[in-house]
Amino acid sequence: MLLLALSILAEVLGTSALRASEGFTRFLPGVVVVLGYGTAFTLMSRVLTQLPMGFTYAVWSGVGTALTALIGWVYFRDAFQWGALGGIALIIAGVVVLNASGGARH
């Protein structure tokens, strides 16, 4: 699970840098995009040797989506919408249900 968490963080970093790269017109954020996504997919490929693909991708994409939305609101000052917050709560609830139902068993 540690590698999955690190993969999620790398993906969120890459996505945040993608926004900051301004269409790849800024060099350093562009490098962070490539490194972030490369690291995320490398780590996720290692996770997939231990955990089921459906569970892994559900957690990876769900938690990544929630963290990316929060970073957008806080750091990039994206518009806050209550409906989006409700959706993020549902994503988190789904991840909790997956864990509680034993979805992480291989």
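This is a short tour of the chain, stop by stop, with something to select at each one. Keep in mind that you're looking at a predicted model.

**Stop 1: the whole chain**

Start with everything shown as a cartoon. You'll find 4 helices and 0 strands, so to speak an α-α-α-α run when you read from the N terminus. Turn the model around: the C-alpha atoms fill a box of roughly 45 × 35 × 15 Å along the principal axes. Now switch on the surface. About 6600 Å² is exposed, and carbon and sulfur atoms supply 72% of that. Of the 106 residues, 31% count as buried. What about contacts along the sequence? Taking those with a separation of 6 or more, 63% are between residues 24 or more positions apart.

**Stop 2: helix α2**

Select residues 27-47, which is helix α2. Its 21 residues reach 30 Å from first C-alpha to last, close to the 30 Å expected at 1.5 Å a residue. Which residues of α2 are buried? Show side chains for P29, G30, V33, G36, A40, L43, M44 and V47. Next, color α1 (2-20) and α3 (53-74), since both are among the things that cover those buried residues.

**Stop 3: the nonpolar core**

Hide the surface and select L4, I8, A10, V12, A40, M44, V47, L51, F55, V59, W60 and V95. These 12 residues make up the largest nonpolar core. Helices α1, α2 and α3 each give two or more residues to this core, and α1 gives the most, with 4.

Zoom in on V59. Leaving aside its neighbours within four places in sequence, what does V59 touch? Its contacts are L4, I8, G64 and V95.

**Stop 4: the salt bridge**

Side chains of opposite charge can pair when their charged atoms come close. The structure holds 1 salt bridge. To see it, select R19 and D78, whose side chains meet at 2.9 Å, N to O. R19 lies in helix α1 and D78 in the loop between α3 and α4, so the pair ties together parts that are 59 residues apart in sequence. Are these two buried or partly exposed? R19 has 43% relative accessibility, so it counts as partly exposed. D78, at 31%, also counts as partly exposed.

**Stop 5: helix α4 and what follows**

Finish with residues 82-100, helix α4. This helix has 19 residues and reaches 27 Å from its first C-alpha to its last, close to the 27 Å expected at 1.5 Å a residue. Then click on G102, just after α4: this glycine takes a positive phi of about 85°.

Note on methods
Residues are numbered from 1 along each chain as its sequence is written. This is a predicted model: local features need pLDDT of at least 70, side-chain atom pairs count only at pLDDT 80 or more; totals for chains, interfaces and linings use all residues. Side-chain values use heavy atoms; hydrogens and water are left out. Buried means under 20% relative accessible area, exposed over 50%, partly exposed in between (1.4 Å probe, protein chains only). Contact means heavy atoms within 4.5 Å. Accessible areas come from the Shrake-Rupley method with a 1.4 Å probe; for residues, only the protein chains shown count as cover. The expected span of a helix is 1.5 Å times one less than its number of residues. A nonpolar core is a set of buried Ala, Val, Leu, Ile, Met, Phe, Trp, Tyr and Cys residues joined through side-chain atoms within 4.5 Å. A salt bridge is a side-chain nitrogen of Lys or Arg within 4 Å of a carboxyl oxygen of Asp or Glu.
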